[in-house]
Amino acid sequence: MLTQAAHQAQKSGNLPAVTLPEVVVERPQNPEHGDYASSLPLKLARATGVNPLTIAEGMAGLIGAATEIDNIAVAPPGFINFTLKSDWLASQVDSIRQAGDAYGNIDLGQGSRVQIEFVSVNPTGPLHVGHGRGAILGSTLANMLVAGGYRVEREYYINDMGNQIDVFSRSLYARYQQCVNIDVEMPSDGYFGDYMVDLAKEIMAEEGDRFLALSESEAVPRIGQLGLDKMVKQIKEDLELVGVSFDVWFSERSLYDNGQYEKVISLLRRGGHIAEKEEANWFVSTALGEDKDNVVVRGDGSPTYFASDIAYHYNKFIERKFDRVINIWGADHQGHVSRMKTVVGALGIAPERLEVVISQLVTLRRGEELVRVSKRSGDIITLREVVEEVGADACRFFFLSRSADAQMDFDLELARKESPENPVYYVQYAHARIASILRLAQERGIDWGDGDVSLLTTEPELALIRQMMRLPEIVELSAQTLEPHHLTYYAQDLATSFHSFYKQCRVVSKDEALTRARLKLVEAAKLILAKTLHLMGMTAPEKM
RNA sequence: GCGCUUGUAGCUCAGUUGGAUAGAGCGCAGCCCUGCGGAGGCUGAGGCCGUGGGUUCGAGCCCCGCCAAGCGCGCCA
């Protein structure tokens, strides 16, 4: 509409012919400014030198009547404000009920394929809270992208080879021997956490001492493999506790078994991106504007993890042909981002197709008291401990409520509280409250299927509808910016609009027609609340 | 030293990609139950948006400098 009006103005000569800026329509913060607003005249003023207010007035006059629009107003310094018709707003209640679960889904992605890889923690130890943040972020982002019309695959990359696995295997072998009181030293760079002792005991219980008969060089990899399988299984279980699951568990080792590694290295070599220096093979990223080169193949011929990552991304883009690839990495990997993008570019893939979301550090607190999260053995707070303490829903909501690139405090005391201080309950309570109203209506035998939504005319009712209609916008915003934290704020706004409506408008009353209309409204609100909660991977309780 | 991220109300944080009077939750000071769930509603106080410049009709947002915090800068992952 705005574009049309601008073009018309240009045709009639009232506006100089300049290329239009991107037409942006936004929701004003102040409700007095209508439901939607555009600052297009202000933007045009710069290019044309015409007074923005004049442009706005001219354009507003050219915008034709529409069924949805009640009023178009011009406000200084040059905004055009739109107000929606209240009967059109009310009719949206029927639309929402009809769309059901699908309301809020949009076709931003147009069915393009996006892979989202997250967590991907080395299976050498249990998940801690920082990993949990990435896990919840990733799974929610995946939900958002599905709602955004993308075909999404969730993937966990298992680092099942290399240095750390060797250390892990040797550590486990030492603990295994210690189970039967053989006096051996742990490797000095080993994994000293208590879980390694438990793991060794478990293997001893299940497999007996038969590995003692083997030579060390035979026993270490076999015990290591057993331990690794167990760790992966435990990681999988811990993730399921917070509602995180994957479509694909991808083995790093498979890249070598399937020849991806050989293929990608020779590809880089042909492109002149590999140079030999001090017996090692380097990816010469300095030639592409990076700060330094990186070793791909060590002096002893073994590949670095960077080599694996190159092969892995080659596999994602070229072999599996994803349109977009999203990686969620912890803050300690951010130095890796630009060289990864550079190498993807060197493989002839547009670097924008790789997006990396960095999930920042988490500090745990109990009220005022900081909980030390030390890397030193035994001292780590695992994800499982936190979930068991505060519950999966609260855990998810709290992790989601901060943008990924901000460090956050996680207050265990607050998350655990079942009181109004805790926003998790505020939102879920709204859902349960509606469920309770609908139960009451059912008990009284009320059938609201033919309710007349045009009876919904008061401000609290319309405000609630406006709030419900924001869901598709939130989905779009979150999917576009890869920022799911908007959901938590939206969920609270939505709950607030409902609670406020509830206080002012009696739903089940003597006025039977109005009762049926309002039952439709709250049922629609329940749908939106549930959808929002489900997008965040949370439950929508019928009772609390 | 270099790179990335962060700095907004007492606390924890948003801020729709440069727009209108900077918001929310908690905390604080009050008010509201003769009705569907008070795990609720309403009102109020509280701000040099780290800091100094710049860009322009307009900056919390963009550019440069500085200060502070976190992370990274291995032939570890």
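A backbone N or O atom of Tyr 502 in chain A lies 2.8 Å from a base nitrogen of RNA strand B, and this pair of atoms is a good place to begin a walk through what is a predicted model. Two further pairs can be set beside it. A polar side-chain atom of Gln 334 is found 2.6 Å from a base nitrogen of RNA strand B, whereas in the case of Tyr 429 a polar side-chain atom lies 2.4 Å from a sugar or linking oxygen of RNA strand B.

From these single pairs we can step back to the whole surroundings of the RNA. Altogether 64 residues surround RNA strand B, and the closest of them are Arg 46, Phe 79, Arg 298, Arg 433 and Arg 506. Which part of the RNA do the protein atoms approach, the sugar and phosphate or the bases? Among the atoms of RNA strand B that lie within 4 Å of the protein, 61% belong to sugar or phosphate, and the rest belong to bases. Several elements of chain A each supply at least two residues of this surface, namely the helices α2 (40-48), α6 (163-179), α16 (423-443) and α19 (486-504), together with the strands β4 (79-84) and β15 (408-411). The largest share, eight residues, comes from α16.

The protein as a whole can now be considered. Chain A contains 20 helices and 15 strands, and its C-alpha trace spans about 85 × 65 × 40 Å along the principal axes. Of its 544 residues, 50% count as buried, while the accessible surface comes to about 25400 Å², with 47% of that area belonging to carbon and sulfur atoms. If we take the contacts in chain A with a separation of 6 or more, residues 24 or more positions apart account for 71% of them. The chain carries 56 positive and 75 negative charges, and the mean positions of these two groups are 3 Å apart.

A few individual residues help to make this picture concrete. Asn 327 lies in strand β11, which covers residues 324-330, and Asn 327 counts as buried because its relative accessible area is 0%, under the limit of 20%. The side chain of Asn 327 makes a polar contact with the side chain of Lys 316, at 2.9 Å. Leaving aside neighbours within four places in sequence, Asn 327 is in contact with Lys 316 and with other residues, including Glu 117, His 313 and Leu 354.

Ala 75 is found in strand β3, residues 69-75, and Ala 75 is also buried, although here the relative accessible area is 17%. Once the neighbours within four places in sequence are set aside, Ala 75 is in contact with Leu 53 and Asn 81. Ala 75 and Ala 37 are 38 residues apart in sequence, and the distance between them in space is 9.9 Å, taken from C-alpha to C-alpha.

Finally, we turn to two residues in loops. Gln 110 lies in the loop between α4 (86-99) and β5 (113-117), and it has a positive phi of about 50° although it is not a glycine. Asn 181, in the loop between α6 and α7 (194-207), likewise has a positive phi, near 60°, in a residue other than glycine. Are these loop residues buried or exposed? Gln 110 counts as exposed because its relative accessibility is 65%, and Asn 181 is exposed with a relative accessible area of 71%, where the limit to be passed is 50%.

Note on methods: Residues are numbered from 1 along each chain as its sequence is written. Chains are lettered from A and ligands numbered from 1 in the order in which they are written. This is a predicted model: local features need pLDDT of at least 70, side-chain atom pairs count only at pLDDT 80 or more; totals for chains, interfaces and linings use all residues. Side-chain values use heavy atoms; hydrogens and water are left out. Helices (H or I, at least four residues) and strands (E, at least two) are DSSP runs, numbered from the N terminus. Buried means under 20% relative accessible area, exposed over 50%, partly exposed in between (1.4 Å probe, protein chains only). Contact means heavy atoms within 4.5 Å. Accessible areas come from the Shrake-Rupley method with a 1.4 Å probe; for residues, only the protein chains shown count as cover. Lys and Arg count as positive and Asp and Glu as negative; His and the chain ends are not counted. The place of a charge is taken as NZ of Lys, CZ of Arg, CG of Asp or CD of Glu. A residue is near a molecule or strand if one of its heavy atoms lies within 4 Å of it. A polar contact is a pair of N or O atoms within 3.5 Å; within protein, one must be able to donate a hydrogen and the other to accept it, and residues adjacent in sequence count only if both atoms are side-chain atoms.
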